[in-house]
Amino acid sequence: MEKLRVLTPEDLPACVRLAADRQWPEEPDKWAFLLRVGTGFGLFDGGELVGTTIATRFGDEHAAISMVLVAPGHGGRGLGRRLMEHALEFAATPVVSLHATSYGKPLYEKLGFRSVGLVTAHIGAFDGTASGTSRPVEDGDRAKVVAVDAEVFGADRSAMWGALFGFASQVRVADDGFAAVWRNGSVSMVGPVVAPSVSRAAELIADVAVGATVRVDVRDPALGAWLEGHGVVPRFTADLMVRGAFSGDRARLYAPVMQALG
């Protein structure tokens, strides 16, 4: 039987290889960040990594599960379910969320998750101009950003933000919201984006996206249409799924940090 253990930074190359074997992007920096802010679990068959998942806990309220992968040739043996059940037991939170492909969705539904909407990944070279309505984050802004994020997301993510402030290439703030961007290979990943309206979300995105090839994951169709009008086109969708019930003012969360973090 495959051995399950916690993943360490030394397992990062094997995680990247497994992702490539499943035709996922390799994304070594993203994997490293997720293993830093969350807890990864791996299934090993004779020393070979054949399955992964990562559980990221936000206090005692909420956990996000991500990177659920099973190696080619090992499907149909219940490994995905074993990984998920272990991650859920580890998380032990009343709310658990994830983003699901059509392939994984049936398993997650069996485990008590329900879809609460589609998230569309928009990718492309942003051809708009900066709005100039935000400014770079300063040390004195950080506590407010973390507090507003908790209010919007519905859980305290201060530990994640402690890492994200250093990982992000930019975090920009305004009186009514903020936006961050981080590098994932050649693409600048925009998120989170917190704003009171679609128009303000668009202005904040413009300030971090100008001159770059970006990806923005959005649920709001009006924001998606604005992105498409500026060269950032829809590429694929995923189901946002939850076990339990979301809290917080999530109407102001226009884009996640990444799908892997809820």
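A salt bridge is taken here as a side-chain nitrogen of Lys or Arg within 4 Å of a carboxyl oxygen of Asp or Glu. The exercises below apply this rule, and a few others, to a predicted model.

**Exercise 1. Decide whether Arg-157 and Asp-149 are joined by a salt bridge, and state whether each is buried or exposed.**

Solution. Begin with the distance: the side chains of Arg-157 and Asp-149 meet with N and O 2.8 Å apart, and the limit is 4 Å, so the pair qualifies as a salt bridge. Next, take the accessibility of each partner, remembering that a residue is called buried under 20% relative accessible area. Arg-157 has 1% relative accessibility and therefore counts as buried, and Asp-149, with a relative accessible area of 1%, is buried as well.

**Exercise 2. Repeat the reasoning for Arg-215 and Asp-217, and then say how many salt bridges the rule gives.**

Solution. The side chains of Arg-215 and Asp-217 meet in a salt bridge, with 2.9 Å from N to O. Arg-215 has a relative accessible area of 14%, so Arg-215 is buried, and Asp-217, for which the value is 5%, is buried too. By the rule, the count comes to 15 salt bridges.

**Exercise 3. Find which parts of the chain are tied together by the salt bridge of Glu-2 with Arg-77, and describe the surroundings of both residues.**

Solution. First, the closest N and O atoms of Glu-2 and Arg-77 are 2.3 Å apart, and the two residues form a salt bridge. Second, Glu-2 lies in the segment before strand 1 (3–6), while Arg-77 lies in the loop between strand 4 (62–70) and helix 3 (79–91), so that the pair ties together parts that are 75 residues apart in sequence. Third, Glu-2 counts as buried because its relative accessibility is 9%, whereas Arg-77, at 45%, counts as partly exposed.

**Exercise 4. Work out how helix 1 is placed against helix 2, and which kinds of residue make the contact.**

Solution. The axes of helix 1 (residues 12–21) and helix 2 (residues 28–37) come within 10 Å and cross at roughly 125 degrees, which makes helix 1 oblique to helix 2. Helix 1 passes helix 2 in a right-handed crossing. On the side of helix 1 the contact is made by Leu-12, Cys-15, Val-16 and Ala-19, and on the side of helix 2 by Pro-28, Trp-31 and Ala-32. When these residues are sorted by kind, 7 are nonpolar, with no polar and no charged residues.

**Exercise 5. Carry out the analysis for helix 2 and helix 6, and then list what the buried residues of helix 2 pack against.**

Solution. Helix 2 and helix 6 (residues 158–167) have axes 10 Å apart and pack at an angle of about 150 degrees, and since an angle over 145 degrees counts as roughly antiparallel, the two helices are roughly antiparallel to each other. The crossing of helix 2 and helix 6 is right-handed. Helix 2 brings Asp-29, Phe-33, Arg-36 and Val-37 to the contact, and helix 6 brings Met-160, Ala-163, Leu-164 and Phe-167; these residues divide into 6 nonpolar, no polar and 2 charged. As a last step, the buried residues of helix 2 are Lys-30, Trp-31, Phe-33, Leu-34, Leu-35 and Val-37, and the buried residues of this helix pack against helix 1, strand 2 (39–45), strand 3 (48–58), strand 4, helix 6 and strand 9 (177–184).

**Exercise 6. Locate Met-67 and Ala-92, give the phi of each, and state whether each is buried or exposed.**

Solution. Met-67 has its place in strand 4 and shows a positive phi of about 55 degrees although it is not a glycine; with 6% relative accessibility, Met-67 counts as buried. Ala-92 sits in the loop between helix 3 and strand 5, and has a positive phi of about 50 degrees although it is not a glycine. At 59% relative accessibility, Ala-92 counts as exposed.

**Exercise 7. State how far Ser-102 is from Asp-239 in sequence and in space, and describe where Ser-102 lies.**

Solution. Ser-102 is in the loop between strand 5 (95–100) and helix 4 (105–110), and is exposed, with a relative accessible area of 69%. Ser-102 and Asp-239 are 137 residues apart in sequence, and 7.9 Å apart in space, C-alpha to C-alpha.

Notes
Residues are numbered from 1 along each chain as its sequence is written. This is a predicted model: local features need pLDDT of at least 70, side-chain atom pairs count only at pLDDT 80 or more; totals for chains, interfaces and linings use all residues. Side-chain values use heavy atoms; hydrogens and water are left out. Axes are lines fitted to C-alpha atoms, for helices over the stretch in contact, and angles run from 0 to 180 degrees between N-to-C directions. Helices (H or I, at least four residues) and strands (E, at least two) are DSSP runs, numbered from the N terminus. Angles under 35 degrees count as roughly parallel, over 145 as roughly antiparallel, 65 to 115 as roughly perpendicular and the rest as oblique. A crossing is left-handed if the near helix is turned anticlockwise from the far one by less than a right angle, and right-handed if clockwise. Contact means heavy atoms within 4.5 Å. Ala, Val, Leu, Ile, Met, Phe, Trp, Tyr, Cys and Pro count as nonpolar, Asp, Glu, Lys and Arg as charged, and the others, Gly among them, as polar. Buried means under 20% relative accessible area, exposed over 50%, partly exposed in between (1.4 Å probe, protein chains only).
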